[in-house]
Amino acid sequence: MSQTIRTRKRSSVAVIGGGIAGQAVIEAVREQAPDLSIKLFCAEDHAPYDRVRLTELIEHGRPVDDLRLRPDEWYADHKIEVVTGTRVSRLDTRSLTVYTNDDAQRFGAVCLATGSEAMVPPIEGADKPGVFLYRYPGDCEQILGNARPGARAAVIGGGLLGLEAAKALVSLGCRVTVVHLMDRLMERQLDATAAAMLLNSMQDLSVEVLTEHATVEVTGEHTADGLRFADGDSLACDFIVVSVGVTPRIDLAKRAGLTCERGVVVDDRMQASAPDVFAVGECAQHDGIVHGIVAPIYDQAQAAAAAIARAKDVFYTGSIPSAKLKVMGVDLVAIGNVENGETVTFTDPATGVYRKLAVSEGQMVGAVLMGDTRGHELLLDIAKTGKLIEDPLATLARASEATAAELPDGAQVCNCNGVCKGDIVSAIRERGLTSIQEVVAVTRAGAGCGSCKPLVSEILKLETGDVVDEQAYLCPCKSLTRDDIAGVIREHGAKSVSEVATRCGAGRECGACKPGIAYLVSEINDNKHREERGARFINDRVHANIQKDGTFSVVPRIYGGVTSPAELRRIADVAERYEVPMVKFTGGQRIDLLGVSKEQLPAIWEELGMPSGHAYAKAVRTVKTCVGSRFCRFGIDDAIEMGIELEHEWEGVYTPHKVKAAVSGCPRNCAEASTKDIGLIAVEGGWQVRVGGAAGASVREGDVLVTVETKGDAMRIATTFLQYYREHGEYLERTYGFVERVGLDVVRENVLDESTGEPQRLRERFRLARAAVTDPWLERREPVHPKQFSEIDSEAAPAGRPAVAFGSESTPAQSPVAVNDSEPTPAGTPVA
């Protein structure tokens, strides 16, 4: 398709579609045209997120914000206007005017990145309640609402997305049956042998698979209760997930008069049939092919961006279909088509390894690697570059032993973000990167699924001569440590995460460090800071612990594990009134209400009338006690009294990681104080204070910090250590790691030596921080954000709202706000 390429410099571009493709385009355009005005239209209520990781919303109950590709500050820093919840209704390709429901604006170029829609097969009754598509966060939320343990789930579709959904449902305890029309699973990626091995892996997970089954009807009078197949068989189920593929979303392009077949037809510059209109991603059709995978997007985006920016000639010449996946727990790489050409294979059924290479006329045309995916980067590069293969079996063997040094610069290391070895090497050399944290942050290699991190680390070691910086960076994007950011906070008196971001740039690239900075801001300012909800994890935003099914747990504080009949009655009444699915005693002598919906949280807190147990937070959680000398005939001292006093003194104080404490009334240690972050044990003649214990994934006996004579001395020293850890622990570093890293002698010097004055200063800073603590359950009945506990989070605007801009000059960068968009440009007015 031959198109006119204009040479006049543009001033603006509209990118329509807020998915991975839209994000790739705006990043590529900004890189090539620093001054070009860019506006991104997102039909969904979210800024771009990683749809590849959508199953995490089901499997782990994560909020969609955790999948964000960039934080709000990134768009502000790169001068990109983002509008969410806004669907483009019409595109005039002559004037390049973009119309929404309440706005019209002209641009110098338009790029369509509208992606695809879930395909709905022609099944009778597919519109019944209980039938769910699997494409958007809202779909995941509906699926979660039905995915209770023991529920019978039918997944229609044995392709990649269907199997991902099935795996997520299995993890939630559902009984899953996968129904597939074809004779084998993932027929586009796998040959018969690989598909059979995958089937075995699925059966090991108790997943039933029905291949060659054509579903003709969803049964059930009012709600779906089963499937009926073309052969007359049927399947009973409680709910149904449909994932049979996608279809390009090209309605807007068709209405605009663009040439469309399966997708929007584009040339090698990704330009559509109208000048200055481009298309990228799943909606684009290049050379007769529409790619439904992520990998080609980045090459397409570079070509489109070059044409939009008029910076250089970059041509997209097609892609070798490839995917690196983890399906039902099995590592899998599929490249090209192994059904073509001559093949060589290596199979080890005992270990689940299957490696196959297909060659035609001396060139690689496909490969399948299952169970052992080593060397896939080398094989993909061979396929892309068309290198001649003289000995296919030797090539397959050599790939399994390939090191980072053998990979060419063009070898793609990170499929999630389209990062090649050469990109990583250049970043290491040009920016002097010395840690894996920095490389991931700067290049984005490893920032998606993370499976390429070992290779990224190997490339880093190759470039630095095995000299890798083990420094823990709080913000690896900017190579800033905890101490660096703490210095910025102190020097400038920063009271919020956004202030810190403005001063030093921390949190403005990927945003992963924001929760750590939020902790640091609160700690340094003795809790007299400006809280920014968007910088916190979901747990801290709603003051409850999210569970893998998307519900929350409510754990009220029970000081020292001692409660009363009145509190127990209130807990029981609330559990019955709100039909809480499970009430459970915790290992920390608390009562946990499990399965609570987000909407119920404020009412439950109010009716309980008990303080938050902070079981959701990186904070002091519990002080476990034994009955001590009050009742136990072996008790040496009163563990209950001390535990209750300590918990009152420490409650609500945030820490680098969770802190669990315990008080035992004698060396029999019934409260297990020797394996707590802070443990106090009554011994003959006094109290033993232990720190840095653990009894979870890591097991460690706490170090004896000191043995003192009085209860008051023990409590004072325990509090001093807690504050020392608060001020010097790395974010997400437990006390056992902290004590080992710093050294017990250094801890003793700073916590015990009163002659230096440091212990007194630590306790005074703790006192100030504790005095500023407010209980999120008792002292703030109404949430700061009215929709904080609604189905649609306040950070996700409803569809059809006015255009919004992230990080406008008049408002904090972390908060989307309504703005007045420019007046529609009259037809004929030059804008480019």
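Q: Before we start on this predicted model, what counts as a polar contact here?
A: A polar contact is a pair of N or O atoms within 3.5 Å, and within protein one of them must be able to donate a hydrogen and the other to accept it.

Q: OK, so which side chain does Glu 282 make a polar contact with at 3.0 Å?
A: That's the side chain of Ser 116. There's also a polar contact of 3.1 Å between the side chains of Glu 282 and Arg 135.

Q: And where does Glu 282 sit?
A: Glu 282 is in the loop between β19 (277-279) and β20 (284-286).

Q: Buried or exposed, that Glu 282?
A: Buried, because its relative accessibility is 17% and the cut-off for buried is under 20%.

Q: What else is Glu 282 in contact with, leaving aside neighbours within four places in sequence?
A: Besides Ser 116 and Arg 135, the list has Gly 115, Val 246, Pro 248, Val 290, His 291 and Gly 292.

Q: Switching to β16: which way do its residues point?
A: Strand β16 covers residues 239-242, with Phe 239 and Val 241 pointing one way and Ile 240 and Val 242 the other. All of them are buried.

Q: How many bridges link β9 and β16, and in what sense do they pair?
A: Three, in the parallel sense, with β9 being residues 131-133. Leu 133 stands opposite Val 242 of β16.

Q: And β10 with β16, how many bridges there?
A: Four, and that pairing is parallel too; β10 is residues 152-156.

Q: Which residue in β16 is the bridge partner of Ala 153?
A: Phe 239, one of the buried residues in that strand.

Conventions: Residues numbered from 1 in each chain as written. Predicted model: local features only at pLDDT ≥ 70, side-chain atom pairs only at ≥ 80, totals over all residues. Heavy atoms only, no water. Helix = DSSP H or I, 4+ residues; strand = E, 2+ residues; numbered from the N terminus. Buried < 20%, exposed > 50% of the residue type's maximum accessible area, 1.4 Å probe, protein only. Contact = heavy atoms within 4.5 Å. Pairing = 2+ DSSP bridges.
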